[in-house]
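Student: Could we go through this structure by question and answer?

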Amino acid sequence: MVTLNVAETKTSSTENARTYEVRTFGCQMNVHDSERMSGLLESNGYVPVKEGERPDLVVFNTCAVRENADNKLYGNLGMLAPIKRENEGMQIAVGGCLAQKDQDTILKKAPWVDVVFGTHNIGSLPTLLERARHNDEAQAELLESLEVFPSTLPTKRDHVYSGWVSISVGCNNTCTFCIVPSLRGKEKDRRPGDILAEVQALVDDGAIEVTLLGQNVNSYGVEFGDRQAFSKLLRACGEIEGLERVRFTSPHPAMFTDDVIDAMAETPNVMPVLHMPLQSGSDKVLKDMKRSYRSKKFLGILEKVREKMPDAAITTDIIVGFPGETEEDFQETMRVVEESRFSSAFTFQYSIRPGTPAATMDHQVPKDVVQERYERLTALQDRIAAEENAKQLGKTVELMVVAESGRKAEQTHRLSGRTRDMRLVHFSVPEGAEQPRPGDLVTLPITEAGSFHLLSDPTAEQYSVRRSRAGDAWDRAQADSCGTGTTQVSGGPVNLGFPTIGLRK
Ligand code: SF4
């Protein structure tokens, strides 16, 4: 992420193109939306700001789900106010869920903001910026419904080897802890032909991995009346030549059907990994959350998935301390977690999100009780993750090399990659062996296992590289950007629409 320095007034507009930076907060949907914003800005002549320089435009893509999201936004906006005052022509835009929720409050609290745009108005961003400049007046556009499906907008992808494709936006569920339905609206499904055309375009562009994205992928098709539309879509992705890895997020247990399990098991390029939010193991809490499945159904789905894909890695989201959660309820969560054998879990401490039904529920659980339960849950999940990872020891795996290396990469000189089931592996390249590029595929054995990642220090004989189209595309992208790097989407991806306090993985 580019960090602005108040003292830094140098601008990179020497080539006359306006420079921009997008700062992203929140879930994968927001990360993907930020790619659209970047693509849209670049197709309108903006260029990414260079590291350390001041952009002409800062776009905040906000999240209303994170705790203190509004304080953080106003803090950031406050820091930009003097920079903007000193730099005529600089613009600030605020979009995303918080913009949709707070609407005109943003312009009242931070009148130096130029544009406020809602989750349904991404396509209007360049016009709104232009209009704000021309009229010398802040512009706000916050539609309640979608007019242009976001995926029809140009995209600038974070990495050439991998891409996100929206299959739907919005959600028809009403989980009481979640603000997504009120901010993103009812589910809107994209036509399968449009989705597949976008997947094909990504593949043509060098991607070998695609993640299908929706708040609730299992209900895909509800709008055009096809209950099996999602499994058909997975199978259709299997027909796309050159597409090696297909993933999706997130399914909802209540709507998870056997045809999806069959499609996953029978389509070779659909990866054996499933992220399925549990949220709570207590049936009473699930009822209060308005999650219409029960723990038995959840465990039944895992059983069926493992029957068809014995090596599938299953991950989840869990909220601890939902209003009214008793020790017995929490013990139910511990039981289901023990039985589920998740390879990893995003665990959250419940905290009030204004605007959600749960915010005003009685029997909010005291913070110290939530903390104590959270620690017991994470200790259990860490043990299970370590045990599950230990089962990988000695296995030979294929990794897709990623651009980001681990925190200790500088000392260890290890690179990083993801297995087919999404496990993170840090690996060393044997002396004299071929260095892979991000997007290339390497095959090697797992030599060490921890709770959160695996390690591989292979011998030259145990190590091989398969150069891929994605690696070639990476090389081309690096050459195009003259090695300056192009990443503009900041803030790590987190899960879709859930409280993020105490996030662990
Ligand atoms: S948690 Fe997921 S399924 Fe529930 S309302 Fe939010 S987006 Fe929809």
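**Backbone, sheet and ligand**

Tutor: Lys290 is found in the loop between α10 (283-288) and α11 (295-308); helices (H or I, at least four residues) and strands (E, at least two) are DSSP runs, numbered from the N terminus. Residues are numbered from 1 along each chain as its sequence is written. The model is predicted: local features need pLDDT of at least 70 and side-chain atom pairs count only at pLDDT 80 or more, while totals for chains, interfaces and linings use all residues.

Student: What is phi of Lys290, a residue that is not a glycine?

Tutor: Most residues other than glycine have a negative phi. Lys290 is not a glycine, yet its phi is positive, about 60 degrees.

Student: Does Asp136 count as buried or exposed?

Tutor: A residue is buried if 20 or more other C-beta atoms, placed from the backbone, lie within 10 Å of its own, exposed if 12 or fewer, and partly exposed in between. Asp136 lies in the loop between α5 (125-135) and β6 (139-141). It has 7 C-beta neighbours inside 10 Å, so Asp136 counts as exposed.

Student: In what order do the three strands of the open sheet stand?

Tutor: Two strands pair if DSSP finds at least two bridges between them. Strand β7 (residues 162-166) is joined to β10 by five bridges, and five bridges also pair β10 with strand β11 (residues 245-249). Both pairings are parallel, and the order is β7-β10-β11.

Student: Which strands stand at the edges, and why is one side of each left without a neighbour in the sheet?

Tutor: Each edge strand has a single partner strand, so one side lacks a neighbour in the sheet; these strands are β7 and β11.

Student: Why is strand β10 largely enclosed by the rest of the structure?

Tutor: Strand β10 covers residues 209-213. It is largely enclosed because, of its five residues, the number buried is four.

Student: Which residue of β11 is the bridge partner of Thr211?

Tutor: Val210 stands opposite Val246 in β11. For Thr211, the bridge partner in β11 is Arg247.

Student: Which peptide bond is cis, and what is its omega?

Tutor: Most peptide bonds are trans. The bond joining Thr249 and Ser250 is cis, with Ser250 in the loop between β11 and α9 (258-266). Its omega is about -10 degrees.

Student: How many residues of the shell around the ligand are charged?

Tutor: Eleven residues surround the ligand, Cys171 and Gln215 among the closest; a residue is near a molecule or strand if its C-beta atom, placed from the backbone, lies within 6 Å of it. Ala, Val, Leu, Ile, Met, Phe, Trp, Tyr, Cys and Pro count as nonpolar, Asp, Glu, Lys and Arg as charged, and the others, Gly among them, as polar. The shell divides into five nonpolar, six polar and, for charged, no residues.
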